[in-house]
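Open the model in your viewer and keep the sequence panel visible. The stops below can be selected one after another.

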Amino acid sequence: DLRNYHIYVAWAWLGDRQGPDIAPGQLQTYFNPLPYVPIYWSTTWLPPAATNFLLGLVQGASAIPLYLVARQLLAAVSDESRRWLALACTFAGMTAATAVSELGTTYLDSALAIFPLSALACLVCASPRRERAAAILAGLLAGAGAGLKLTALPWALGVLVVAFLLPPGHCARM
C-alpha cells in the first residue's frame with residue numbers, strides 16, 4: 001500500500017500526474033491526496049526514524065481528546081478517582097489492537113482518529129452556553145476527518161448519532 005497509493009497519490013497530485021497516469025494505484029489512485037502529502041514529504045526528505053516519530057506523534061495526539069471525553073463521561077465519580085479512571089480509559093484506547101498495530105504506519109486511520117475524538121470532546125465538554133457552537137465545530141471536525149479519508153465516515157456518522165442523542169442542556173448535568 002505504501003508505494004501503491006500512500007506515497008503515489010501525493011506524488012501524482014503534487015506533480016500533476018493524475019491525467020497522464022490512469023489508475024496506477026487501482027481505485028486508491030482517486031483517494032484524497034491531502035492526508036498523504038506530509039507522508040510523501042517526510043519519506044522523501046527525512047530519515048525513516050524521523051518519519052516514524054512524526055507519525056507516532058500525530059497518532060498519539062488522539063490521547064488528549066480521548067482523555068477529555070473519558071473524564072467528562074465519568075463526571076459522577078469522585079474527582080481523584082475520575083482522573084485515574086479517565087487515564088485508564090485513555091490507556092486502554094491508545095493500546096487497543098488497532099491503535100498499536102497501526103502505530104508508525106501510513107494507513108492514517110489512527111492518525112485521523114483525532115478528528116472524531118475531538119468532535120466527541122466538543123460535544124460532551126462544551127459549556128451549556130456554547131452547546132450550539134460546539135455542535136457546529138464537532139460537525140466540522142467529523143466531516144473533515146471523513147473528507148480526508150473515507151474510512152473515517154463511520155466515525156463521523158457515530159458523532160452525528162451522539163449529537164442527536166444528547167439532550168439539550170446535557171453539559172449542565174455532567
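Is Asp79 buried, partly exposed or exposed? Select Asp79 to begin: its relative accessibility is 39%, and because the partly exposed class lies between 20% and 50%, Asp79 counts as partly exposed. Bear in mind that this is a predicted model.

**The salt-bridge network**

Keep Asp79 selected and add Arg83. Their side chains meet in a salt bridge, at 2.8 Å from N to O. Both residues lie in helix H6, 4 residues apart, which is about one turn of the helix. Arg83 is itself partly exposed, with a relative accessible area of 32%.

Now add Glu80, whose side chain meets that of Arg83 in another salt bridge, at 3.0 Å from N to O. Arg83 and Glu80 are 3 residues apart in helix H6, so about one helical turn separates them. The relative accessible area of Glu80 is 45%, and Glu80 is partly exposed.

Select Arg71 and Arg82 as well. Salt bridges with shared partners join Arg71, Asp79, Glu80, Arg82 and Arg83 into one network. The structure holds 5 salt bridges.

**A link between two loops**

Next, select Asp109 and Lys149. Their side chains meet in a salt bridge, at 3.4 Å from N to O. The pair links distant parts of the chain, 40 residues apart: Asp109 is in the loop between H7 and H8, and Lys149 is in the loop between helix H9 (131-148) and H10. Lys149 has a relative accessibility of 8% and counts as buried, because buried means under 20%.

**The whole chain**

Zoom out and colour by secondary structure. The protein has 11 helices and 0 strands. Its C-alpha trace spans about 60 × 30 × 25 Å along the principal axes. Of the 174 residues in the protein, 34% are buried.

**The nonpolar surface patch**

Show the surface and select Trp13, Leu14, Leu34, Trp41, Trp45, Leu46, Phe53, Leu54 and Leu57. Together they form a nonpolar patch on the surface, with about 980 Å² of accessible area. Two or more of these residues come from each of helix H2 (8-14), helix H3 (37-45) and helix H4 (48-60). The largest share, 3 residues, comes from H4. Within the patch, pick out Trp41, which sits in helix H3. Its relative accessibility is 46%, so Trp41 counts as partly exposed.

**The largest pocket**

Rolling a probe the size of a water molecule over the atoms shows where empty space is left. About 390 Å³ of it lies in the largest pocket. To centre the view there, select Gly93, Ala99, Ser110, Ala113 and Leu117, which lie nearest the pocket centre among its 20 lining residues. The elements that each give two or more residues to this lining are H4, helix H6 (79-94), helix H7 (97-101), helix H8 (114-125) and helix H10 (153-165). Coloured by class, the lining shows 12 nonpolar, 6 polar and 2 charged residues.

**The second largest pocket**

What is the volume of the second largest pocket? It is about 250 Å³. Select Pro35, Pro38, Leu55, Val58 and Leu108, the closest to its centre of the 13 residues that line it. H3 and H4 each supply at least two residues of this lining, and H4 gives the most, with 4 residues. By class, the lining has 11 nonpolar, 2 polar and no charged residues.

Methods:
Residues numbered from 1 in each chain as written. Predicted model: local features only at pLDDT ≥ 70, side-chain atom pairs only at ≥ 80, totals over all residues. Heavy atoms only, no water. Patch = residues over 30% accessible without salt bridge, like charges linked within 9 Å, V, L, I, M, F, W, Y side chains within 5 Å. Areas by Shrake-Rupley, 256 points an atom, 1.4 Å probe, with all protein chains shown as cover. Salt bridge = Lys/Arg side-chain N within 4 Å of Asp/Glu carboxyl O. Buried < 20%, exposed > 50% of the residue type's maximum accessible area, 1.4 Å probe, protein only. 1 Å grid on protein atoms, 1.4 Å probe; cavity = no way out; pocket = protein on both sides within 12 Å on 5 of 7 lines; lining within 4 Å. Points joined across faces, edges and corners; volume = space filled by probe spheres on them. Nonpolar A, V, L, I, M, F, W, Y, C, P; charged D, E, K, R; others polar.
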